[in-house]
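Hi,

Here's the structure I said I'd pass along. Have a look at it first, and my notes on what turned up are underneath.

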Amino acid sequence: MKPIISIIMGSTSDLPVMEKACKWLNDQKIPFELNALSAHRTPDEVENFAKQAKGRGIKVIIAGAGMAAALPGVIAASTPLPVIGVPIKGMLDGLDAMLSIIQMPPGIPVATVGVNGAQNAAILAAEMIALGDDEIAAKVEAWKAGLGSKITKANADLAAIKDYEYKCN
């Protein structure tokens with residue numbers, strides 16, 4: 001199937017974080033592509049990627065970056081598509097990356113999830129696409145409905161533990 005979400009990261013060292021988005025999209029059978037391009041080391045390729053994404057059928061771009069975290073903003077400056085930034089923990093526990101991504105100038109918005117929040121970025125991208133796609137909307141709704149059942153089961157499992165002693169001061 002043709003990808004509708006593009007996941008891009010500044011380096012393959014970001015893959016352990018970004019693969020959480022890949023896994024969620026795979027589990028939901030939502031087609032995506034994966035790229036590693038650097039805003040600083042391959043700026044021409046990043047600009048070409050961003051300018052051509054819409055024409056290739058991409059609907060949302062998820063961009064993960066650490067430290068200076070310029071990638072999401074550079075992409076947002078070159079495409080009309082929504083961009084979701086994933087700040088990746090590195091220096092300063094990811095605060096540097098998060099601040100770089102959320103402090104965009106007027107006219108260049110980048111949605112931002114929490115530090116290392118690639119799964120949430122995938123869910124947000126699917127929710128955006130779901131506004132115009134009933135099939136993806138049903139997948140998102142079913143997945144979210146399952147969240148409550150997991151907690152209900154965990155609570156029942158916890159209550160079934162008979163020999164656990166609670167100590168409160």
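Let's start with helix 1 (residues 15–28). In this predicted model, the residues of helix 1 that come out as buried are Val17, Met18, Ala21, Cys22, Trp24, Leu25 and Gln28. Looking down the axis of helix 1, you'll find those buried residues within an arc of 160°, so they line one face of the helix. The spacing fits the usual pattern: an α-helix has 3.6 residues a turn, so residues three or four places apart point the same way.

What do the buried residues of helix 1 pack against? Their partners are strand 1, strand 2, strand 3 and strand 4 (83–88), plus helix 5 (118–130) and helix 6 (134–159).

On geometry, helix 1 has 14 residues and spans 19 Å from first C-alpha to last, close to the 20 Å expected at 1.5 Å a residue. Just past the end of helix 1, lysine 29 has a positive phi of about 60°, in case you want to check that backbone spot.

Now the sheet. It's an open one with five strands in the order 2-1-3-4-5, and the pairing is parallel. Strand 2 and strand 5 (111–112) sit at the edges with a single partner strand each, so one side of each has no neighbour in the sheet. Helix 1 packs on this sheet, touching strand 1, strand 2, strand 3 and strand 4, and its direction makes about 170° with that of strand 1.

Strand 1 (residues 5–9) deserves a look of its own. Is it buried or exposed? Five of its five residues are buried, so strand 1 is largely enclosed by the rest of the structure. Ile5, Ile7 and Met9 point one way from strand 1, while Ser6 and Ile8 point the other way, and all are buried.

Strand 1 also has a parallel partner on either side in the strand order:

- Strand 2 (residues 32–36) runs parallel to strand 1 and is joined to it by five bridges. Across this pairing, isoleucine 8 stands opposite asparagine 35, and methionine 9 stands opposite alanine 36.
- Strand 3 (residues 60–66) is likewise parallel to strand 1, again with five bridges. Here isoleucine 5 faces valine 60.

To tie the helix and the sheet together: strand 1, helix 1 and strand 2 form a β-α-β unit, and that unit is right-handed.

Shout if anything looks odd on your side.

Cheers

Conventions. Residues are numbered from 1 along each chain as its sequence is written. This is a predicted model: local features need pLDDT of at least 70, side-chain atom pairs count only at pLDDT 80 or more; totals for chains, interfaces and linings use all residues. Side-chain values use heavy atoms; hydrogens and water are left out. Buried means under 20% relative accessible area, exposed over 50%, partly exposed in between (1.4 Å probe, protein chains only). Helices (H or I, at least four residues) and strands (E, at least two) are DSSP runs, numbered from the N terminus. Two strands pair if DSSP finds at least two bridges between them. A crossover is right-handed if, with the strands pointing away from the viewer, the path from the first strand over the helix to the second runs clockwise. The expected span of a helix is 1.5 Å times one less than its number of residues. The arc is that of the directions from the helix axis to the C-beta atoms. Contact means heavy atoms within 4.5 Å. Axes are lines fitted to C-alpha atoms, for helices over the stretch in contact, and angles run from 0 to 180 degrees between N-to-C directions.
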